[in-house]
Every structure is written in structure tokens, then in C-alpha cells.
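Here is a short tour of the ligand and metal sites in this model. Keep the structure open while you read.

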There are 2 protein chains.
Amino acid sequence: DTQEPDIHFNREILDRMSDRRSDGEWLASRRASPETVFLLFHALSPLVRSGAEREEQIELCKLRSTAVQELLTGSRTLEVFLGVEKQDDGQPAWFALSTEDDPSQLLQDKDPGSFFLQEAMPGLLRLSDDDAGVVAQARSVLAWHSRYRFCPTCGSDTKVEEAGYKRTCLRAGCRSLQGVHNTCYPRVDPVVIMLVLHPDGKQCMLGRKKIFPPGMFSCLAGFVEPGETLEAAVRREVQEESGVQVGSVQYLSSQAWPMPSCLMIGCHCVAVTTDIKVDQNEIEEARWFTRQQVMDALVKDKQAVFIMPPRQAIAHYLLKHWIGCNANL
Amino acid sequence: DTQEPDIHFNREILDRMSDRRSDGEWLASRRASPETVFLLFHALSPLVRSGAEREEQIELCKLRSTAVQELLTGSRTLEVFLGVEKQDDGQPAWFALSTEDDPSQLLQDKDPGSFFLQEAMPGLLRLSDDDAGVVAQARSVLAWHSRYRFCPTCGSDTKVEEAGYKRTCLRAGCRSLQGVHNTCYPRVDPVVIMLVLHPDGKQCMLGRKKIFPPGMFSCLAGFVEPGETLEAAVRREVQEESGVQVGSVQYLSSQAWPMPSCLMIGCHCVAVTTDIKVDQNEIEEARWFTRQQVMDALVKDKQAVFIMPPRQAIAHYLLKHWIGCNANL
Ligand SMILES: Nc1ncnc2c1ncn2[C@@H]1O[C@H](COP(=O)(O)O)[C@@H](O)[C@H]1O
Ligand SMILES: Nc1ncnc2c1ncn2[C@@H]1O[C@H](COP(=O)(O)O)[C@@H](O)[C@H]1O
Ligand SMILES: [Mg+2]
Ligand SMILES: [Mg+2]
Ligand SMILES: [Mg+2]
Ligand SMILES: [Mg+2]
Ligand SMILES: [Mg+2]
Ligand SMILES: [Mg+2]
Ligand SMILES: [Zn+2]
Ligand SMILES: [Zn+2]
């Protein structure tokens with residue numbers, strides 16, 4: 001019943017069941033259930049192992065409550081309730097546990113050498129679509145906890161509530177305790193990412209940052225600023241980074257990007273000027289590419305003049321959508 | 001060159017010129033220029049006066065540097081650079097000043113009784129489109145400062161940088177000082193707001209919160225959660241608040257909503273189930289309305305069975321767009 005493309009990090013195998021987040025009794029029963037799945041994180045890296053089927057894949061290490069008993073009762077473990085499996089009539093429930101000590105030690109005994117902590121980039125792109133969606137949720141929430149332990153309104157320590165989705169200031173009388181304030185809730189940063197189309201319809205603009213692998217070009221992108229619409233953010237970022245003026249903007253698709261907690265909002269937009277003048281602070285180079293050049297890069301042709309962003313990035317989807325090729329290219 | 005509807009808070013008369021935010025010399029010259037425009041805020045309320053043309057309108061009080069000299073040099077004034085006017089070749093520049101004391105005192109002398117501080121809702125809906133756009137930017141940034149004075153990573157005090165767009169932790173060695181972290185930048189909270197269409201295409205679902213004026217119904221809405229796409233957020237929020245399952249989702253338009261700093265992402269979506277079971281915590285009532293009922297409410301017909309959200313809200317636009325009526329209805 002959905003028409004969205006199946007972009008990495010976007011698949012949702014869990015129902016978040018947010019109404020259960022404040023139901024302590026229900027959560028306790030799920031925590032104790034032998035079917036419940038626990039994921040371990042340390043320093044925002046999930047515990048994984050090499051994929052069973054394909055060497056280049058990794059898969060999340062899914063543990064049962066007996067295996068994590070020690071961690072569950074430890075006061076230094078942060079727990080986030082992720083949801084229940086959609087397929088199986090609400091069974092089993094999933095939790096993410098973030099530990100202050102390296103949890104791979106805990107498990108090496110049972111299966112030496114097979115588990116390891118996977119850093120975010122580019123490692124998390126090697127997860128299956130199912131696993132990536134769960135990690136998008138878990139890592140975003142954990143990244144918020146790791147940076148937002150203190151109340152930004154008064155500087156006091158906070159306590160975790162609502163199964164990992166709220167932090168409440170511990171100082172009685174703090175302003176953040178009166179009414180509802182975003183300081184208590186996880187942060188999601190909207191980012192616009194856009195393929196800029198040439199007025200002639202035959203070229204598109206791509207840029208590269210210094211940190212990109214050699215030869216790679218991708219879409220421009222930037223954070224939505226306060227008080228801005230999506231469309232205004234697209235025009236401003238393109239103008240800032242390339243000097244090009246943009247007219248119409250068309251939203252295409254979004255992507256969760258848990259580094260640390262971005263909402264990528266993917267658009268096509270049409271340039272009304274064509275002279276490029278890059279902002280050297282952010283962009284090393286930006287150029288117009290023809291459809292043929294993008295097609296060559298997509299199929300990794302020997303003649304390709306640039307390298308595409310990885311297929312797991314929404315920039316790849318924005319380019320592929322422009323070329324109009326089908327999903328199994 | 002743009003096709004977006006002119007929704008309240010969305011108009012942009014200023015070019016933000018973000019590259020000037022770290023140019024202290026240029027900012028100082030703008031601050032001193034007799035053409036520069038200063039807006040005053042106190043406790044997030046802008047200083048305004050009754051509209052010159054229409055009684056129900058209010059207009060921002062725009063001051064010159066001589067009038068705010070005292071505030072500009074005061075250490076308790078927070079300054080945010082808003083940009084330069086687009087029309088006039090970069091002249092004049094605009095700043096927002098947030099004061100700890102009520103600034104209307106300062107000005108009453110000159111023009112007694114004409115200026116007052118305007119609280120956000122519903123007052124800011126009475127601004128002109130030009131003024132509303134500037135307030136969307138200024139109030140969102142100031143709301144962030146008012147709640148995020150302390151470093152959320154370590155609880156220390158912070159200092160303001162980049163003309164009001166960055167706060168930096170004052171504790172040497174804080175993790176937030178290594179690399180780039182969202183803790184230093186203004187927060188923008190993405191919210192999905194959606195008109196749910198009945199599978200028969202002839203009805204739409206609206207709900208009302210307890211705090212709404214009597215008789216008013218509006219679109220459902222909710223915060224995008226970490227690790228979610230826009231479309232997933234639409235489906236989850238509709239399901240949570242009304243029990244209705246949603247299939248396809250279509251993005252239509254966005255709106256800046258500076259209470260405190262939301263990005264409203266407006267969609268139409270199509271229900272695949274029709275039984276309504278409201279979440280009593282958030283929604284008092286939700287119902288299916290026919291096209292005729294929405295049309296009656298739009299034109300404020302005597303027979304109307306509900307009251308529309310105000311025309312300044314994107315919910316109003318989502319309803320009007322569904323009805324397909326033209327802009328000057
Ligand atoms: N929420 C945020 N997280 C990280 N960086 C931000 C954020 N908001 C603004 N920035 C700034 O935006 C720069 C990246 O530029 P862009 O992605 O083009 O907007 C970063 O280097 C920061 O200076
Ligand atoms: N950034 C946020 N700001 C305010 N409330 C939030 C935020 N994120 C989640 N919430 C919660 O969401 C509720 C409103 O529900 P909804 O707008 O439907 O998502 C609030 O009462 C809060 O409990
Ligand atoms: Mg930016
Ligand atoms: Mg940028
Ligand atoms: Mg950028
Ligand atoms: Mg919600
Ligand atoms: Mg809700
Ligand atoms: Mg809601
Ligand atoms: Zn506090
Ligand atoms: Zn700090």
C-alpha cells in the first residue's frame with residue numbers, strides 16, 4: 001500500500017507502539033519474555049557479525065534476555081524500547097541497550113571472534129534493509145542521549161523517562177518542567193538534499209566535498225534553518241554552496257540518516273541561472289553533468305567521469321530517478 | 001519563479017547572508033548604519049503596534065540604530081542578524097534584539113501607548129505576510145537561545161557566536177568542541193500535518209484537541225520521530241491519534257511555525273481503513289467530513305457543522321487545496 005522507494009535506513013519492521021512507553025508493567029513483562037530481542041550498542045556502534053549469506057554484509061547481533069541479564073539490571077545501561085514486530089501480531093518486542101563498557105567482551109566467550117562493534121560510516125551501509133531500519137531508530141535516539149544528558153535550560157542533570165524517549169530535568173523549579181518543551185525530546189534535524197537540474201533539462205549539478213572519496217560527486221545538501229520552509233532551504237543552500245539560483249522545487253522522497261539524527265528531505269529543483277561559483281569552505285568543486293555522464297556513472301562504465309554516491313544514499317536515488325531507470329538497474 | 005502558496009510565516013523578504021555571520025567587521029558596520037532595521041523582542045514577544053491600515057492587523061516596530069543605542073551596547077541584549085533586504089541591493093540589514101527588560105518602556109516616551117509586546121498565539125497571526133516571515137526566523141532563533149543556554153553535553157554555560165546562530169560550550173575539553181555537533185546549532189523540529197482522505201475520495205478526517213475553540217476541527221499532526229521518514233511519521237501519527245491506517249502519502253507544502261521552532265510538513269494521505277478510535281490523551285474527537293461540509297465551513301456558511309482552522313495555518317491550506325477552490329475564495 002506504499003509507493004515509497006525502499007531506500008536504506010527507511011524500512012520499518014517494528015511498530016513503535018508509543019503508547020506502551022509509559023506502561024512500566026508491560027515493558028517489564030516484555031523485558032522478561034524469552035522471545036524479546038535485545039540489540040547492544042557501545043559508543044553508538046551496534047554489535048554485529050559478518051553476514052551469513054554475503055561476505056560484504058553485516059548483521060545485527062540479536063540477543064535474548066538470558067544473554068543480557070547482567071546488562072539489564074546494571075545501572076549504567078541505557079535502554080530504549082524500539083517496538084514490536086509488525087508481522088507476528090505484536091511478538092516479539094525489541095529493545096536497544098547502550099552499555100558503557102565494550103559489550104563484545106561479554107559475548108566473545110560464547111562465540112569467539114564472531115561479534116564486533118561496527119562504526120557508523122560506511123559500515124552501517126552494509127546492514128540488510130531490515131536491520132538498517134532498526135538501527136536508524138536506535139542509533140538516532142542513543143545519539144541524542146549521548147549529547148543531551150544535561151538540561152539545556154538550566155544545566156542540571158536529567159533522568160530518562162518514557163522508555164528512552166524523554167529526558168526530564170532533575171532540578172525542581174526548572175522552566176523546562178512547566179508545559180511541554182522540546183528540550184525534553186529527541187532531536188531530529190531536517191536536512192534538504194537536492195539534485196539541481198539545468199534549465200536545459202539535459203544536465204544536473206553535482207558537487208564534491210574534500211572528504212569525499214576521489215572522483216565522487218553527489219547532490220548538494222544543507223540543514224533547514226529556523227523559520228524556513230523546505231523550498232526556501234533548498235534555494236538558500238544551493239545559492240550558498242554553488243552561487244546558482246533555483247526556481248521550482250519538487251519534493252521526491254525522504255530518508256532517515258542516523259548520523260547523528262537527520263531527516264534527509266530529497267528534492268529535485270530547477271536552476272534559473274547556470275554560472276557556478278562554489279563556496280570553498282564547504283565544496284571543493286561543483287559541475288554540470290550530462291544525462292549520459294550520469295548514466296555511465298550509474299552503470300560504473302569505464303568511461304564514467306565521476307563516481308556515484310553509494311546506492312544506500314538518497315542522493316543516489318535522486319540521480320537514478322532523474323535518469324528514469326528502473327529499480328533493478 | 002516559485003510556485004509555493006503564500007502561507008503565513010513563509011514569505012522571505014530578507015536574504016540571510018549566512019556568510020556574513022562570522023564577519024565581525026561587516027556586522028559592526030551594519031549595526032552602525034542609519035539605514036539598519038532593529039526589531040525588539042522581550043520574552044519571545046515582538047514589539048508591535050496596531051496596523052496603520054487595518055484595525056485587526058499589527059505591525060512590527062522597526063527601529064533605527066539611534067533608538068536602540070543603549071540596548072546595542074548593553075551586555076544583557078541578545079542580538080541575531082536576520083539578513084539584508086532582497087529588493088534593495090542588500091540595503092538595509094535587519095537585526096533582532098532580545099532584551100531582558102521590557103523594551104516598551106524605552107519607547108513609550110516618544111510615542112506613548114502605541115507600542116506593545118505581542119504574545120505568540122493567536123497574536124502573531126495578525127502580522128502582515130512580510131512581517132510574519134521575519135518573525136518566523138527571529139522568534140525561532142530566540143526561542144532556541146531561551147531554552148538552550150547551557151551545553152547539553154556537559155551542563156556548562158555557553159557563549160553566543162556567528163551573529164546568533166551558534167552557541168559554544170565554555171568548558172575547555174568538552175566533547176561538543178571536537179568536530180561538529182548539533183548541540184551548537186538552533187533546533188528545528190519537523191512536524192507532519194496531514195489531511196486524511198477517505199478511501200471513497202468524498203470525505204476527509206479532521207480532529208479536535210480540547211484546547212481548540214468550540215466547534216473547530218483541524219488536520220492531525222505530530223512530531224517526526226528519530227529514524228523515521230516523513231511518510232512513516234504520517235502513517236504512525238494518524239494511526240496513533242485516530243486508529244485509521246494510511247496508505248499513500250503526498251507532500252504538498254511546508255510552513256515555518258515559530259512556536260517555538262517547528263517545520264510543518266503538510267501532506268495529503270489516503271486512508272485504507274475508516275473506523276475511528278481516537279487517542280483520548282491527544283484528541284477529543286475525530287470525524288469524517290464531506291466535501292460539502294468542508295466547503296460550508298470554508299465560506300463560513302450558516303449551515304457549517306464545524307469551524308475551519310485560521311487561514312494562516314497550513315491546515316487551512318490543506319483543506320482548501322482538497323476542495324480545489326482558488327486562492328481568493
Ligand atoms: N544541526 C546541525 N548539525 C550540524 N551542523 C549544523 C547544524 N546546523 C547548522 N550546522 C552548520 O552547517 C554546516 C554544514 O553545512 P550545511 O550542511 O550545508 O548546512 C556545519 O558545518 C555547521 O556549521
Ligand atoms: N520536539 C518536541 N516538542 C514538543 N513535544 C514533543 C516533541 N517531541 C515529542 N513530543 C511529544 O509529543 C506530544 C505531542 O504529540 P504529537 O504532536 O502528536 O507528536 C507532546 O505532548 C510531547 O509529549
Ligand atoms: Mg547550512
Ligand atoms: Mg551549506
Ligand atoms: Mg551542505
Ligand atoms: Mg507524536
Ligand atoms: Mg500524536
Ligand atoms: Mg498530534
Ligand atoms: Zn533544567
Ligand atoms: Zn560542554
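In this predicted model, a polar side-chain atom of Arg187(B) sits 3.4 Å from a nitrogen atom of ligand 2. Two backbone contacts involve oxygen atoms of ligand 2. Ala221(B) offers a backbone N or O atom at 3.2 Å. Phe223(B) offers a polar backbone atom at 3.0 Å. Alone, ligand 2 has 490 Å² of accessible area, and the protein covers 72% of it.

Which residues surround ligand 2? From chain A come Val180(A), Asn182(A) and Tyr185(A). From chain B come Arg187(B), Asp189(B), Ala221(B), Gly222(B), Phe223(B), Glu237(B), Glu241(B) and Glu282(B). The site is shared between chains because residues from chains A and B surround ligand 2. Strand E12 (220-223) and H5 of chain B each supply at least two residues of this shell. E12(B) gives the largest share, 3 residues. By class, the shell around ligand 2 holds 4 nonpolar, 2 polar and 5 charged residues.

Ligand 1 lies between chains A and B. Its shell includes Arg187(A), Asp189(A) and Glu282(A), along with Val180(B), Asn182(B) and Tyr185(B). Strand E12 (220-223) and helix H5 (230-242) of chain A each supply at least two shell residues. E12(A) gives the most, with 3 residues. The classes around ligand 1 are 4 nonpolar, 2 polar and 5 charged.

The table lists polar contacts of ligand 1.

| Residue | Protein atom | Ligand 1 atom | Distance |
|---|---|---|---|
| Arg187(A) | side-chain N or O | nitrogen | 3.4 Å |
| Ala221(A) | backbone N or O | oxygen | 3.2 Å |
| Glu237(A) | polar side-chain atom | oxygen | 3.0 Å |

Taken alone, ligand 1 exposes 490 Å², of which the protein buries 71%.

Now turn to the metal. Which residues coordinate the magnesium ion (ligand 7)? The donors are OE atoms of Glu237(B), Glu241(B) and Glu282(B), at 2.1 to 2.3 Å. Their spacing in sequence is E-x3-E-x40-E. Glu237(B) also bridges to a second magnesium ion (ligand 6), and the two ions lie 3.6 Å apart.

Why are Glu237(B) and Glu241(B) about one helical turn apart? They are 4 residues apart in helix H5 (residues 230-242) of chain B, so about one helical turn separates them. Are these two residues buried or exposed? Glu237(B) counts as buried because its relative accessibility is 7%, under the 20% cut-off. Glu241(B) is buried too, with a relative accessible area of 1%.

Conventions
Residues numbered from 1 in each chain as written. Chains lettered and ligands numbered in written order. Predicted model: local features only at pLDDT ≥ 70, side-chain atom pairs only at ≥ 80, totals over all residues. Heavy atoms only, no water. Donors = N, O, S within 2.8 Å, 3.2 Å for Na, K, Ca; no water. Buried < 20%, exposed > 50% of the residue type's maximum accessible area, 1.4 Å probe, protein only. Near = heavy atom within 4 Å. Polar contact = N/O pair within 3.5 Å; in protein donor to acceptor, adjacent residues only side chain to side chain. Areas by Shrake-Rupley, 256 points an atom, 1.4 Å probe, with all protein chains shown as cover. Nonpolar A, V, L, I, M, F, W, Y, C, P; charged D, E, K, R; others polar.
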